[in-house]
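Dear colleague,

I am handing over the structure we spoke about, and below it you will find my notes on some helix packing and on one pocket. Please read them with the coordinates open.

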Amino acid sequence: MSLFIRKPLQQLLSESSESEHGLKKTLSAGALVALGIGAVIGAGLFSITGITAAHHAGPAITISFVIAAIGCAFAGLCYAEFSSMIPVAGSAYTYSYATMGEFIAWIIGWDLVLEYAVGAATVASSWSGYLNKLLESLGYALPPQLIMSPFESLTLADGSLITGVINLPAVFIVVLMSLVLIRGTQESAWVNSIIVILKVSIVIIFIIVGFRYIRPANLTPYIPPNTGKFGEFGWSGIIRAAAIVFFAYIGFDAVSTAAQETRNPKKAMPIGILGSLLICTLLYMLFAYVMTGVANYTSFGSATDHLAPVATAIDHMGPVGADGIIHPAYPWLNRFIIVAILLGYSSVILVMLLGQSRVFYSMSHDGLLPRIFSSVHPKFRTPAKSNLLFMIFVSLFAAFVPGSVVGEMTSIGTLFAFILVSAGVIVLRRSMPEAPRAFRTPLVPLVPILGILVCFLMMAFLPLDTWIRLIAWMMIGFDVYLSFGIRKSHLGATDTTADHRKSYRVTSVCGLLLCVLLGAVTWLHHSMSPEDSALIIFSILMFIFHIFYYAYYRIKGNKLKAG
């Protein structure tokens with residue numbers, strides 16, 4: 001066995017067929033499309049669209065959505081081929097294990113925590129703010145201390161400063177969605193389908209109502225000239241905006257994590273992935289076009305909360321009076337938009353928690369994580385213990401960590417996953433060309449290569465502090481793999497001493513290379529943003545600790561030679 005041993009495809013298919021002892025197969029292609037739409041439509045559509053238009057792309061935000069969608073489409077085609085031939089829970093983790101080996105699979109599995117668990121915590125934090133806005137419109141309001149993390153503060157009208165204690169509503173929604181998942185995916189898919197229908201209906205109403213109030217002057221110039229600073233309008237701004245609004249597409253690949261619970265997955269999975277992506281892309285472009293058409297993109301720059309861009313657009317949906325002031329024709333729509341956002345966020349959290357528990361189910365089933373993550377409830381036939389653990393983890397994260405800290409981490413982590421999956425298609429076509437595929441990615445290797453290039457381009461346009469957090473997170477993942485995964489891997493049960501020595505040596509060397517990369521990115525970030533002292537200090541401490549940590553395991557691997 002080597003560090004890059006691949007899990008046999010026949011073993012994966014055999015595990016999938018043992019559904020009577022594992023997860024129930026209850027999901028149809030229609031339910032998968034609903035899951036994908038439920039995961040995608042949420043934070044991005046209702047907040048990032050306006051904010052990104054105001055600061056980076058202007059009306060050309062629609063082009064940014066197209067660029068982001070192209071990257072997602074390339075990756076989606078690759079996901080579809082994998083999911084049709086490897087219908088096993090785990091998503092990109094499973095696909096990587098079958099094509100590029102255990103070490104790469106561990107990297108991608110750990111990276112997916114950024115997309116699912118951290119993403120769910122981010123959305124839960126924002127859900128809390130929108131719930132408070134709805135309560136305010138009804139004459140009620142929660143104390144500010146109970147809707148903010150301890151690292152957030154609010155200045156009141158009288159100048160007093162209030163510091164948050166706990167984001168309590170965020171904890172509530174995470175617990176509620178986790179309990180729905182513990183009950184069973186059939187029930188959770190049913191609930192999610194209702195939510196998707198409601199929120200998509202409201203999005204369509206927004207588009208239809210707003211279309212008649214589009215003013216051509218607001219769309220001119222369609223591509224605002226660059227301000228002289230990279231990423232602020234012009235084509236650099238459009239691409240920067242694409243990297244940011246990519247967050248709005250996160251979730252469509254979560255459909256593939258439910259493959260083991262899907263009826264006829266070879267047919268249903270490609271439909272679920274590509275169908276949900278297509279529907280969401282069309283809605284995003286229409287929504288962005290209407291929003292920047294009814295109100296000038298500059299009006300979204302003064303937004304002080306996540307709802308303001310949409311609310312601003314609704315306020316501009318009306319005739320211009322004799323006084324030159326726009327009189328909103330549908331002020332009641334604001335409350336319905338808040339309800340849509342709450343429903344959208346709820347469904348995003350639901351699908352992200354579903355995806356996270358299923359990824360760790362697969363990793364635990366392979367021995368890379370403790371058995372508790374693959375324990376299936378005897379009645380509900382769901383990984384209930386894993387759901388409970390993530391309920392606690394995500395709740396704590398949402399309660400005490402500001403959502404703004406992890407939003408871009410989710411984007412870069414998912415882009416990284418897309419790159420590995422795209423590369424996996426190329427590898428699998430060469431290593432297993434005769435393996436049965438219900439769906440084949442067209443124009444291989446062109447489509448996977450374009451997917452890799454587009455996704456990396458978007459990663460490159462994300463801020464340096466996001467890269468620092470990604471590197472730090474992957475270093476923590478290496479720590480877990482060195483201390484647990486290598487020893488407990490089921491495929492590594494017959495490893496020789498030489499095999500273990502090689503595993504420790506390769507992993508520790510890769511960890512040391514990450515240390516070098518972290519040091520370089522930190523130095524560059526310090527030269528550009530010296531005021532970000534907290535993150536810089538954290539990076540230095542991570543660098544120093546892990547230099548010794550990986551050196552220890554490097555030495556440990558050498559000592560195994562005599563074993």
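In this predicted model, helix α7 passes α13 in a left-handed crossing. The axes of α7, which covers residues 117–137, and α13 come within 9 Å and cross at roughly 160 degrees; because this angle is over 145, α7 counts as roughly antiparallel to α13. On the α7 side the contact involves, among others, A120, W127, Y130 and L134, and on the α13 side its residues include I338, L342, Y345 and I349. By class, the residues of this contact comprise 17 nonpolar, four polar and two charged.

Helix α13 (residues 333–365) also packs with α6 (residues 102–115), at an angle of about 160 degrees and with the axes 10 Å apart, so that α6 too is roughly antiparallel to α13. This crossing is likewise left-handed, and the contact is made by W106, G109, W110, L112, V113 and E115 of α6 together with M352, Q356, V359, F360 and M363 of α13. Here the division is eight nonpolar, two polar and one charged. M352 and Q356 of α13 are also listed in the contact with α7.

Turning to the pocket, the second largest one has a volume of about 470 Å³ and is lined by 18 residues, with R240, L462, P463, L464 and M528 lying nearest its centre. Helices α3 (43–57), α10 (234–245) and α18 (497–528) each contribute at least two residues to this lining, which is made up of eight nonpolar, five polar and five charged residues.

With best wishes

Conventions. Residues numbered from 1 in each chain as written. Predicted model: local features only at pLDDT ≥ 70, side-chain atom pairs only at ≥ 80, totals over all residues. Heavy atoms only, no water. 1 Å grid on protein atoms, 1.4 Å probe; cavity = no way out; pocket = protein on both sides within 12 Å on 5 of 7 lines; lining within 4 Å. Points joined across faces, edges and corners; volume = space filled by probe spheres on them. Helix = DSSP H or I, 4+ residues; strand = E, 2+ residues; numbered from the N terminus. Nonpolar A, V, L, I, M, F, W, Y, C, P; charged D, E, K, R; others polar. Axes fitted to C-alpha atoms, helices over the stretch in contact; angles between N-to-C directions. Parallel < 35°, antiparallel > 145°, perpendicular 65-115°, else oblique. Left-handed = near helix turned anticlockwise from the far one by under 90°. Contact = heavy atoms within 4.5 Å.
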